[in-house]
Amino acid sequence: MAAYRTLYDKLVDSHTVRALDAGGGEVLLYVDRTVLNEYTSPQAFTGLRDAGRAVFRPQSALGVIDHVNSTRPERIALPRVQADDLQMSYFVSNCKEFGIELFDLYHRQQGIEHVVMPELGLALPGLVIAAGDSHTTTYGAFGALGFGIGTSDIEHFLATQTLVYRRLRNMEIAVAGHLPPGVTAKDLIMAVIRRIGADGAQGHAVEFTGPAIRTLSIEGRMTICNMAVECGARGALIAPDDKTFAYLEGKPRAPKGHALIAALEAWRMLRTDDGAVFDARIEISAGDIEPMVTWGTSPDQAAPISEAVPDPALETSPARRRDAERALGYMGLSPGTRLTDIRIDHAFIGSCTNARLEDLRGAARIVKGRRAAAGVSAIVVPGSREVRRLAEAEGLDRIFREAGFEWREPGCSMCLAMNDDIIPPGERCASSTNRNFEGRQGAGSRTHLMSPAMVAAAAVSGHLCDVRTLEVSDAV
Amino acid sequence: MPSEPFERVSGVIAALPSANIDTDVIMPKTFLKGIDRSGLEKGLFHDLRFDEQGALRQDFVLNQAPWNTSAFLVTGANFGCGSSREHAVWGLRQFGIRAIIARSFAGIFFDNCARNGLLAIEAEEETVRQLTECGERGDKITIDLAAQTLETVRGVAGFGIGERRKYMLLKGLDAVGMTLQWRTEIETFQSRYLGARAWLA
């Protein structure tokens, strides 16, 4: 064990049941918690049942329906919609049979898994949380090691409370300075992904450090860690601080009283030692970052909103040139087009990346007093029913509705379009989500990723738009 | 669950020369609605293999002979990025793919391969280039996992793999069964771990 350890090293060491090879590169890792969804878990439960195995520690799992469900307000009034769906009904019966708590569509705290866990206070510093969804990296915002796993690993975790785990290399992404006004955590992480590429952090656990990260709210930090998987990170950490502890205090399932005092003492130790060496280090200056949008079909195909669609011919790598040409063909865009000239048909505010209260506030601030442009269909899907209630208490729902946006029930919705919220072929969406892959929001759909405020700006303008120009006119 | 053991496998290799081929493309969401693992060969690369009318796209490599019976794929960097959906790996296996040689793999996908008897080999740029040429010519290649060799018409090259992954693939072993041999050790660890963290009780 090295004398000086990173936060990541400490988390792996404290959860190692046994080494599985001589060098300790592969370990049997104790996993504290998981959150299960209806679409990556069915075959795991079938596997347990077929082998006659029980769940090792049922209280360490929470089941949430989020991916395939409707987000239409009438979904509860029509309960047969839920019962009819094979995945949802199988999930309900699995959770019941194996003793796992479930937030189904009737539950007052239903929502997207990575929104629900933090708001309950189940994502705590120092934990290892693995779940059948790639955006499990979100929990790094609390100084927890979160990572996505496949269905076989879900089964392995449920049966053994552990995973066979290969230790990652350490990468530091140090973000100096401060984000300029109108620039958000989403823009920061998009700038990072553009800079290092969709595989830039592959094989690494990333720790985000620096003043710009410390200044972010916990919700902003969740956005950063959530999207770190889009540059290949298999774990994204931010050391917990007083802001983290204040966020957790009073959350329904977070420790309280004497337990909290003991927890805080341990949590304050969760930091990278001075003198610990990272295997790789990236420096980013926050002051240079502008609002970002994607123009292609990979999250690293992004640019500041003030720029134009790039020309693949200027790309020196033949492989990247070919990928860029293909992306522009799919997106129906020509090199040199100003990004602000790209017209949109749809606007979507939602997803585990950007459907928290702070995100909805940021978008509502832009929407207030304006209308969605003619021909643009806009929907807001809060990340959870808790977020929805809090937003309604502030009147955000009214702002969105008055602007012609639909106000929906929680779910993953149009982020991956596993429910009935689908972008038709050839149509274009400004989206606060995390992936602009081909066909992601529907076969032939075209997705531009951006912050929720930028989606709001695009929705009211009818085209991609620098949100900062709207804020100026606000002040007039 | 146990999978088919991987020993020595021969076949043609199909080239997909792109970076960042994501699991949405490998297995579109339409095929994720089931509760079992079956029927996913139809979904594999569905939107690349089939047009809007459901007819085979003749310009896609896996629709052309001899690559419609490929045992192997060769591809660029970051293969399998995106969603954690293991359905992508199940679909590849059901289509008959036994190994993928890529410049690099996304982490979750790489782990999913190992749990399903799909050999994932990370290779240098030059190896990827040579195999892509083999693919385009329709050459057969042979992978011998025990010997850790990759044979083409040009000769034999070695490849690296972790000892445990190799053992699991060779035997087609059930990972859960293997881990449960340490059940007592896990229970002891858990009581010590939780005992020191009263706030998690």
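Author: Let's start with a definition: buried means under 20% relative accessible area, exposed over 50%, and partly exposed in between (1.4 Å probe, protein chains only). This is a predicted model, where local features need pLDDT of at least 70, side-chain atom pairs count only at pLDDT 80 or more, and totals for chains, interfaces and linings use all residues. Residues are numbered from 1 along each chain as its sequence is written, chains are lettered from A and ligands numbered from 1 in the order in which they are written, and side-chain values use heavy atoms, without hydrogens and water.

Reader: Why is F109(B) called buried?

Author: Its relative accessible area is 2%, and the limit is under 20%, so F109(B) counts as buried.

Reader: What makes F79(B) and F109(B) an edge-to-face pair?

Author: Rings of Phe, Tyr and Trp (its six-membered ring) pair if their centres lie within 6.5 Å; planes under 30 degrees apart are stacked, over 60 edge-to-face, and the rest tilted. Here the centres are 5.3 Å apart and the planes make 80°, so both conditions are met.

Reader: And why is the pair of F400(A) and F405(A) called tilted?

Author: The angle between their planes is 55°, which is neither under 30 nor over 60, so the pair falls into the rest. Their centres lie 5.6 Å apart.

Reader: How do you know that the charged end of K251(A) sits over the ring of Y247(A)?

Author: The rule asks for NZ of Lys or CZ of Arg within 6 Å of the ring centre and within 35 degrees of the ring normal. For K251(A), the distance to the centre is 4.1 Å.
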